[in-house]
Amino acid sequence: MKFSLPLRLLYRCPQCRTRSAGSTQRFSVPRPFSTASSRQAIAAPAIDFSSTDNLPPPNIQNARVVPASPSYFSGRPDFTDNLLSLQALLRKYQTLPTVAPGQAPRVAWRTVSQYRLLVGEPVRASKYHQVIEVLKRLNQIHPAVMPPDLQQAMQIYKRDVNPYAVVKRPAIIDTDGRACGIGRRKSSSAKVFLVQGEGEVLVNGKSINDVFGRIHDRESALWPLKATNRIDKYNVWALVSGGGTTGQAEALTLGTAKALMVHEPDLKPALRRAGCVTRDPRRVERKKPGKLKARKMPAWVKR
């Protein structure tokens, strides 16, 4: 590195060579640098951790409390720890033999409200659903090779009830030959009575053409009978309420399918393939404050 110094600084710098009073020529200042020597000068002495006698005394004033869990600073630390521990167990035992989902032991898991009381945190239902999905996968491990630590970890999520004691009440056909089925969709509900006949349909005492103006709604209401070729073998008498025409028509779909399965239980696979057995949980998403609709934002204006 080459630089020039004024005359008054030449005699003050101890590193400078001896120069004449009027000399201002450029020169190089040697800067010796050694990594080893610098480390010896600034490094602290080594601490012997083999014995506690050589350790320095603890400084209580500078001590801080370290949380036991890394999830302490999150919004839901207990829930996060539970989910991470279950996921770790799943990674550990994912190679164990499993059984089919229908052959797994029946378990009554805690509801989201019961889990909130257990951990004392406002856990969302969608977040708790992640825990239930992992628990269902762990429950499919064959009971003969179920590890004890896994059984103990899953025990806290089980309810203290006998799941085999809950027996579904069988649907029956009354003395008039009617089978009843209840269906729901959105905010609509339908109570359907199905009896053997010639294919007559009454909804709230009116014909189906007067209640549902759209062809799509009329086909949706009678889709279980049409999918199984039973459209002219049963009479339908239904009571619908709530919601709009689309919700009432799809509620009739579920109610009619349930009533038809009472008369002919063997039609359940065909009705399931036709999409008539599963309850549709979708609903209209609520409007949020500050937005025009559920998710639509107002137009952005620069000025």
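These legends accompany close-up views of a predicted model.

**View 1. The whole protein, a predicted model with 11 helices and 7 strands.** The chain has 303 residues, and 27% of them count as buried. About 21800 Å² is exposed by the protein. Carbon and sulfur atoms supply 55% of that area. Take the contacts between residues at least 6 apart in sequence: 66% of them join residues at least 24 apart.

**View 2. An open sheet of 5 strands.** The strand order is E3-E4-E7-E5-E6. Pairing in this sheet is mixed. Which strands form the edges? They are E3 and E6, and each pairs on one side only. Strand E3 covers residues 179–185. Strand E6 covers residues 206–207. In general, strands of a sheet pair through backbone hydrogen bonds, either parallel or antiparallel.

**View 3. The pairing of E4 with E7.** E4 spans residues 188–196, and E7 spans residues 234–241. The two strands run antiparallel. How many bridges join them? The count is 8. Within this pair, Lys-191 stands opposite Leu-239 of E7.

**View 4. The pairing of E5 with E7.** E5 is made of residues 201–203. E5 and E7 run parallel, joined by 3 bridges. Val-203 stands opposite Ala-238 in E7. Val-203 and Ala-238 both appear again in the lining of the largest cavity.

**View 5. The largest cavity, with a volume of about 40 Å³.** The model has 1 cavity of 30 Å³ or more. Its lining consists of Val-201, Val-203, Ile-208, Ala-221, Leu-222, Val-236, Ala-238, Leu-252 and Thr-256. Which elements each supply at least two of these residues? They are E5, E7 and helix H10, which covers 245–263. By class, the lining has 8 nonpolar residues, 1 polar residue and no charged residues.

**View 6. Lys-206 in strand E6.** This lysine belongs to the strand formed by residues 206–207. Which residues does Lys-206 contact, leaving aside neighbours within four places in sequence? The contacts are Val-201 and Val-211. Val-201 is also one of the residues lining the largest cavity. Lys-206 and Trp-237 are 31 residues apart in sequence. In space, their C-alpha to C-alpha separation is 9.5 Å.

**View 7. The largest pocket, with a volume of about 630 Å³.** Its lining holds 19 residues. Lys-168, Arg-169, Ala-171, Cys-180 and Val-262 lie nearest the centre. Strand E3, H10 and helix H11 (268–273) are the elements that give two or more residues to this lining. Which element gives the largest share? That is E3, with 4 residues. The lining contains 11 nonpolar, 1 polar and 7 charged residues. E3 is also an edge strand of the sheet in View 2. H10 also supplies at least two residues to the lining of the largest cavity.

Methods. Residues are numbered from 1 along each chain as its sequence is written. This is a predicted model: local features need pLDDT of at least 70, side-chain atom pairs count only at pLDDT 80 or more; totals for chains, interfaces and linings use all residues. Side-chain values use heavy atoms; hydrogens and water are left out. Two strands pair if DSSP finds at least two bridges between them. On a 1 Å grid over the protein atoms alone, a cavity is a set of points where a 1.4 Å probe fits but cannot get out, and a pocket is an open set with protein on both sides within 12 Å along at least five of seven lines; lining residues have an atom within 4 Å of a point. Grid points are joined across faces, edges and corners, and a volume is the space filled by probe spheres set on the points. Ala, Val, Leu, Ile, Met, Phe, Trp, Tyr, Cys and Pro count as nonpolar, Asp, Glu, Lys and Arg as charged, and the others, Gly among them, as polar. Buried means under 20% relative accessible area, exposed over 50%, partly exposed in between (1.4 Å probe, protein chains only). Contact means heavy atoms within 4.5 Å. Accessible areas come from the Shrake-Rupley method with a 1.4 Å probe; for residues, only the protein chains shown count as cover.
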